[in-house]
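These entries record what I looked up in the structure shown below. I took the pocket first and the charged pairs afterwards.

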Amino acid sequence: MMSTTLIAYTSAQLEQARRLGTSTLFEASGLPTSAVDARIRTVWPGASVAGPAFPLECSPGDNLAIHIAMEKVPRGSVLVVSTGGFIAGYWGEVLTVAAQAAGVAGLVIDGGVRDIAALTAHRFPVFTRGISVRGTIKASAPSVGAPIQFAGAPVETGDLVVADDDGVVIIPAAHVQATLTQGQARFDKEARIMDKLRQGETTLGLLGLARWRNAG
């Protein structure tokens, strides 16, 4: 089955999410479970992605579910791959080329990847727990497209995944617009604070911490 087009969020929403960034979105969401394990990091500095989640689960050391997902994933999606934290080379250059051809926006995986130089050259956003030369078998596929728990965060198809140098957040679809609205308010407030800092004001005063001026 060929991949299909799914418009879950407008291009303006996705651009706003990337611009606000993961730290602001996490704070704005008010959801402690929206941030995944901090050990899941970008493969190459400066990578960022925002898009609807397409979750799947791999057995330890087995990447068959990923290959199945490549024929089902809607264009524009971010693959969210749970491996139970097992580190192996589930993903490399071959799957990167396949993903780009299928219109996949990026990959977030709690296992491992390899072919780092190639992933960097392709500028494909990959966020992973580790790097491993050890490959995988193809024998089982626990789930493809079903809800999963991913590195401390629940994720369903269509939830908003945002990842950048600071980490990865997954915002439930029902909370996305409110999170973007609150995130923009936080962003604008911090911009005003930074303008005042440039004018010589201090964080103690601006953040209501003046009572601590004589501490220490």
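**Entry 1: elements lining the pocket.** I asked which elements supply at least two residues each to the lining of the largest pocket. I found strand 4 (89-91) and helix 3 (93-101). I note here that the model is a predicted one.

**Entry 2: the lining itself.** I recorded 14 residues around the largest pocket. Nearest its centre I listed N63, Y90, G92, L95 and R114. I then sorted the lining by character and obtained 4 nonpolar, 6 polar and 4 charged residues. For the volume of this pocket I noted about 160 Å³.

**Entry 3: salt bridges.** Side chains of opposite charge can pair when their charged atoms come close. I therefore asked how many salt bridges a search of the whole structure finds. The search returned 4.

**Entry 4: E15 and R18.** I looked up this pair within helix 1 (residues 11-29), where the two residues are 3 apart, about one turn of the helix. Their side chains form a salt bridge, with N to O at 3.2 Å. Are these residues buried or exposed? I entered E15 as partly exposed because its relative accessibility is 42%, between the limits of 20% and 50%. R18 is likewise partly exposed, at 34%.

**Entry 5: D37 and R39.** I next examined the salt bridge between D37 and R39, whose closest N and O atoms are 2.8 Å apart. I compared the accessibility of the two partners. D37 has a relative accessibility of 18% and therefore counts as buried, the cut-off being under 20%. R39 reaches 57% and is therefore exposed, the cut-off being over 50%. The salt bridge thus joins a buried residue to an exposed one.

**Entry 6: a network.** I asked which residues are linked with D37 in a network of salt bridges. R39 and R129 are linked with D37 in this network.

**Entry 7: D195 and R198.** I turned to helix 5 (residues 176-198), which holds both D195 and R198. They stand 3 residues apart, about one turn of the helix. I recorded a salt bridge between D195 and R198, with 3.0 Å between the closest N and O atoms. D195 is partly exposed, at a relative accessible area of 41%. R198 has 65% and so is exposed, being over 50%.

Key. Residues numbered from 1 in each chain as written. Predicted model: local features only at pLDDT ≥ 70, side-chain atom pairs only at ≥ 80, totals over all residues. Heavy atoms only, no water. 1 Å grid on protein atoms, 1.4 Å probe; cavity = no way out; pocket = protein on both sides within 12 Å on 5 of 7 lines; lining within 4 Å. Points joined across faces, edges and corners; volume = space filled by probe spheres on them. Helix = DSSP H or I, 4+ residues; strand = E, 2+ residues; numbered from the N terminus. Nonpolar A, V, L, I, M, F, W, Y, C, P; charged D, E, K, R; others polar. Buried < 20%, exposed > 50% of the residue type's maximum accessible area, 1.4 Å probe, protein only.
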